[in-house]
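Grab the model and work through these exercises at your own pace. Try each task on the structure before reading the solution below it.

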Amino acid sequence: MNNGLKITVFAAALAATFGTAYGVGRAADPLVSTGAHAPQQHSGHGATGRDGATGRDGATGRDGATGRDGAAEHGPGGLQISEDGYTLALDTPAVAAGGRTGIRFAIEDGAGRKVTAFRREHGKELHFILASRDLTEYRHLHPVRAADGTWSTSVDLPKAGDYRVFADFTPAAEGAENLTLGADLPVSGTYRPAAPPVARTTAEVEGYRVALGGELRAGRESELELTISRNGKPVTDLQPYLGAYGHLVALRSGDLAYLHVHPNDGGPGPAVSFTATAPSAGTYRLFLDFQHEGKVRTAAFTVEVEPSVRTRIGANGGHQH
């Protein structure tokens, strides 16, 4: 039986192009349309932002938008380095491409103290995502925390460029909510521009074929179904990875706004379904992590979200419905 889950995040307009890394322009991500339930959102992802807040890197807070009922909604995470009194303190200002390198960071509270107590989410105290600005490189890492609150992990990045890291966590403090904080991470080395991700509804990864069905829509719920097969046969024995049969991370091209969701109980394949509402029109890069035969693999898709009727009316100066 398909699993369902809901992304409930709303955000402002999409940046149309990537910024510049090391003097090289970032290309605009291509777009793709894909074809269409509802369930449970991972606690706090895209649901607890504070509009207009400013992080230590000068980034503005999560962008807000208006929901279908006219109420203000908070946008996706990862757009700022500080929120709700917590800061992502990246101790590694830059790394080099072409070899395994270490990354160290801490989560600091409002007094600058390193946080050492977190609630476990999907088996981990903290999830750490790293992605290149052109969205061709992606890593879902699980760093180790020292007793003093310093987190460390290692990663092998094959190419230079501008990257962004995301820390997804919930402090153990009473009343604390789930947060996703983001920071930029330059990766030095010889920069070789890569072709931008092409628009497609299927992905091939290590002999597995993952097909994306459904259509992601702005401001409207729709069903996305990811079906996994190998050698032409459906994979019906997916293994739980961090307590789920699939993990989905979506990054909005341009500002890399972050959405992280998980399926409900069910499985184990061949299809994993998600009920999603895109925060805005534009281009999104979707990364699905799934585990089979003891190994985690990642399938990536690039999808285009067309403007909703409400968005088109508003852009023409008319009344929004």
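**Exercise 1. Find how β8 pairs with β15, and place both strands in their sheet.**

Step 1: β8 and β15 (residues 179-188) run parallel and share 2 bridges. Strands here are DSSP runs of E with at least two residues, numbered from the N terminus (helices are H or I runs of at least four), and two strands pair if DSSP finds at least two bridges between them.

Step 2: Look across from Ala96 and you'll find Ser188 of β15.

Step 3: Now zoom out: the open sheet has 5 strands, ordered β8-β15-β14-β10-β11, with mixed pairing. β8 (95-96) and β11 (138-141) are the edge strands; each has a single partner strand, so one side of each has no neighbour in the sheet.

A word on the ground rules: this is a predicted model, with local features needing pLDDT of at least 70 and side-chain atom pairs pLDDT 80 or more, while totals for chains, interfaces and linings use all residues. Residues are numbered from 1 along each chain as its sequence is written, and side-chain values use heavy atoms, leaving out hydrogens and water.

**Exercise 2. Go through the salt bridges of Arg145, Arg133 and Glu204, and say how accessible each partner is.**

Step 1: Set the rule. A salt bridge needs a side-chain nitrogen of Lys or Arg within 4 Å of a carboxyl oxygen of Asp or Glu. That gives 12 salt bridges.

Step 2: Take Arg145 and Glu125, whose closest N and O atoms are 2.9 Å apart. This pair links distant parts of the chain, 20 residues apart: Arg145 sits in β12 (residues 144-145), and Glu125 in the loop between β9 (100-108) and β10 (126-132). Arg145 is partly exposed at 26% relative accessible area, whereas Glu125 is buried at 17%. (Buried is under 20% relative accessible area, exposed is over 50%, and partly exposed is in between, using a 1.4 Å probe and protein chains only.)

Step 3: Arg133 and Asp184 also form a salt bridge, with 2.9 Å between the closest N and O atoms. Arg133 belongs to the loop between β10 and β11, Asp184 to β15, and the two are 51 residues apart. Arg133 is buried, with a relative accessible area of 10%; Asp184 is partly exposed at 37%.

Step 4: In the Glu204 and Arg209 pair, the closest N and O atoms are 3.8 Å apart. Glu204 is exposed at 59%, and Arg209 is partly exposed at 38%.

Step 5: Check for shared partners, and you get a network of Arg133, Arg164 and Asp184.

**Exercise 3. Which polar contacts does the side chain of Asn178 make?**

Step 1: Locate Asn178 in the loop between β14 (161-169) and β15. Asn178 is buried, at just 2% relative accessible area.

Step 2: List the partners. A polar atom of the Asn178 side chain lies 3.3 Å from the backbone oxygen of Phe169, and a 3.1 Å polar contact joins the side chains of Asn178 and Thr170. (A polar contact is a pair of N or O atoms within 3.5 Å; within protein, one must be able to donate a hydrogen and the other to accept it, and residues adjacent in sequence count only if both atoms are side-chain atoms.)

**Exercise 4. Classify the ring pairs Phe105 with Trp151 and Phe118 with Phe169.**

Step 1: Rings of Phe, Tyr and Trp (its six-membered ring) pair if their centres lie within 6.5 Å; planes under 30 degrees apart are stacked, over 60 edge-to-face, and the rest tilted. The whole structure has 7 aromatic pairs.

Step 2: Phe105 and Trp151 have ring centres 6.3 Å apart and planes at 10°, so call them stacked. Phe105 lies in β9 and Trp151 in β13 (residues 150-156), so this pair ties together parts 46 residues apart in sequence. Both Phe105 and Trp151 are buried.

Step 3: Phe118 and Phe169 are edge-to-face, at 5.9 Å centre to centre and 85° between the planes. Phe118 is in the loop between β9 and β10 and Phe169 in β14, so the parts joined are 51 residues apart. Phe118 and Phe169 are both buried.

Step 4: Put the ring pairs together and a cluster appears: Phe105, Phe118, Phe128, Trp151 and Phe169.

**Exercise 5. Which residues have the most contacts inside the largest nonpolar core?**

Step 1: A nonpolar core is a set of buried Ala, Val, Leu, Ile, Met, Phe, Trp, Tyr and Cys residues joined through side-chain atoms within 4.5 Å.

Step 2: The largest core has 27 residues, and Val210, Leu286, Phe290 and Phe301 have the most contacts inside it.

Step 3: Another core, of 26 residues, lies apart from that one and includes Val165, Phe169, Leu181 and Val187.
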